[in-house]
Structure formats: C-alpha cells, structure tokens
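Visitor: I would like a close look at a single part of this structure. Please take it slowly and keep to what can be seen there.

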Amino acid sequence: MKEAKEKFSIIFVCTGNTCRSPMAEFLFKDYLKQKKRSGDFTVSSAGLEAGKGDCITPQAVEALTTLGVKHNPERKAKVFTVGMSLDGDLIIGMTNEHKERCDSDNAISFVDLIGRPIPDPYGYNTQAYLMCAAQMQTAFDKILEIADNRMQN
C-alpha cells in the first residue's frame, strides 16, 4: 500500500507524445481538478517513439483551447522509459499495442476501458482531435475508479 503522502502516478502513452497522450494528460488533469482530486495524483504522458524536442501539435493545442482546458502549448514530447514502466501506478495506452509495448503489469489500454482504441489524429484537422478528446473523456470515471481501487490495495 502506498504511503498516504505519496501521489498515485498515472501515465498516458501513445506513439509520438504530440497528440493523444498529451491531450489525455491535460484533459485528465482538468477532470481531476473538477473532481477536487488533483492533490491525489501525478498525471503525465510519454511516447513510445517520441522525438526529442517535438512539440504538441497545433491541432491538439486548438482542441484543448476550444474545450477550455489549461495546457502548455510549448510542451515538448517525452520518451517513455523503463523507469516509467516500473514507477507508473497506472499506465494507459491509447491502443492495445501501446499497452503491450509498455511492458508493465500496471498497463491497460482504452480498449480495456471503453472497448475501442483512440485513433491517431495526426495529420487531421482539429475536429478529429476533438473527437479523440471526447472518446478519452468517456473513460475518465472508470480510470479514477481503477486508480482508487489500486490505491486501497
């Protein structure tokens, strides 16, 4: 069982960490703020094939802005590391392939959560990003439930 003062770590994972996973990170932080649960968690994101220095896409920034979600438009991509796979209390892949490549017993995917993967919107318009955001948000109550259950065990 985790010490009371230690925060539960949630990591969202996709391929490049410029579209889906950073959007999930900012959206979930906003969700936790609304639930008044921000203090219980650390939320981050990473990419399995992220390019060092790559920025969040303009369409992701526009989608988050449209949704009124606080974000960092200068955010740089982070590479998913072995340390993250060991330290993440809950690792959430956008697809089953992402989940498997995380090589962690703590990894699940959006397929496990909502019955389908989150499609990659890279190269598409802001509307595609907004559709991805809406799909991710349908899983947030279940993610919080899973996290709460794991914190108690």
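Which residues are buried in H1?

Guide: The model shown here is predicted. In helix H1, the buried residues are Arg20, Ser21, Pro22, Met23, Ala24, Glu25, Phe26, Leu27, Phe28, Tyr31 and Leu32. That is 11 of the 15 residues of H1, which is mostly covered. The helix covers residues 20-34. From its first C-alpha to its last, H1 reaches 21 Å, close to the 21 Å expected at 1.5 Å a residue. H1 is followed by Lys36, which has a positive phi, near 60 degrees.

Next comes what covers the helix. The buried residues of H1 pack against two strands, E1 and E2, and against helices H2 (58-66), H4 (96-102), H6 (126-137) and H7. Two of these neighbourhoods deserve a longer look: the sheet and H7.

The sheet is open and has four strands in the order E2-E1-E3-E4, with parallel pairing. Strand E2 (41-47) and strand E4 (107-109) are its edge strands, each pairing on one side only. On average, neighbouring strands are turned by 25 degrees against each other, direction ignored. Inside the sheet, strand E1 (residues 8-14) pairs with strand E3 (residues 90-93) in the parallel sense, over four bridges. One residue to find there is Phe12 of E1, whose bridge partner in E3 is Ile92. H1 packs on this sheet and touches E1 and E2. The direction of H1 makes about 170 degrees with that of E2. H7 also packs on the sheet, touching E1, E2, E3 and E4, and its direction makes about 140 degrees with that of E1.

Phe12 is a useful point from which to see how H1 meets the sheet. Phe12 has a relative accessible area of 0%, so this residue is buried. Leaving out residues up to four places away in sequence, Phe12 touches Ser21, Ala24, Glu25 and Phe28, among others. Its contacts also include Val43, Ser44, Ser45 and Ala46, as well as Ile92, Met94, Phe110 and Ile143. Phe26 of H1 is 14 residues from Phe12 along the chain, and their C-alpha atoms are separated by 10 Å.

Ala24 shows the view from the helix side. This residue is in H1 and counts as buried because its relative accessibility is 0%. With residues up to four places away in sequence not counted, Ala24 touches Phe12, Met94, Met136 and Phe140.

That leaves H7 (residues 140-152), which packs with H1 at an angle of about 75 degrees, the two axes being 11 Å apart. The two helices are therefore roughly perpendicular to each other. On the H1 side the contact is made by Ala24, Leu27, Phe28, Tyr31 and Leu32. On the H7 side it is made by Phe140, Asp141, Ile143 and Leu144. By class, this contact has eight nonpolar residues, no polar residues and one charged residue. Ala24 and Leu144, which both belong to this contact, are 120 residues apart in sequence and 13 Å apart in space, C-alpha to C-alpha.

To sum up, H1 is mostly covered, packs on the sheet at E1 and E2, and is roughly perpendicular to H7.

Technical notes: Residues numbered from 1 in each chain as written. Predicted model: local features only at pLDDT ≥ 70, side-chain atom pairs only at ≥ 80, totals over all residues. Heavy atoms only, no water. Axes fitted to C-alpha atoms, helices over the stretch in contact; angles between N-to-C directions. Parallel < 35°, antiparallel > 145°, perpendicular 65-115°, else oblique. Contact = heavy atoms within 4.5 Å. Nonpolar A, V, L, I, M, F, W, Y, C, P; charged D, E, K, R; others polar. Pairing = 2+ DSSP bridges. Expected span 1.5 Å × (residues − 1). Buried < 20%, exposed > 50% of the residue type's maximum accessible area, 1.4 Å probe, protein only.
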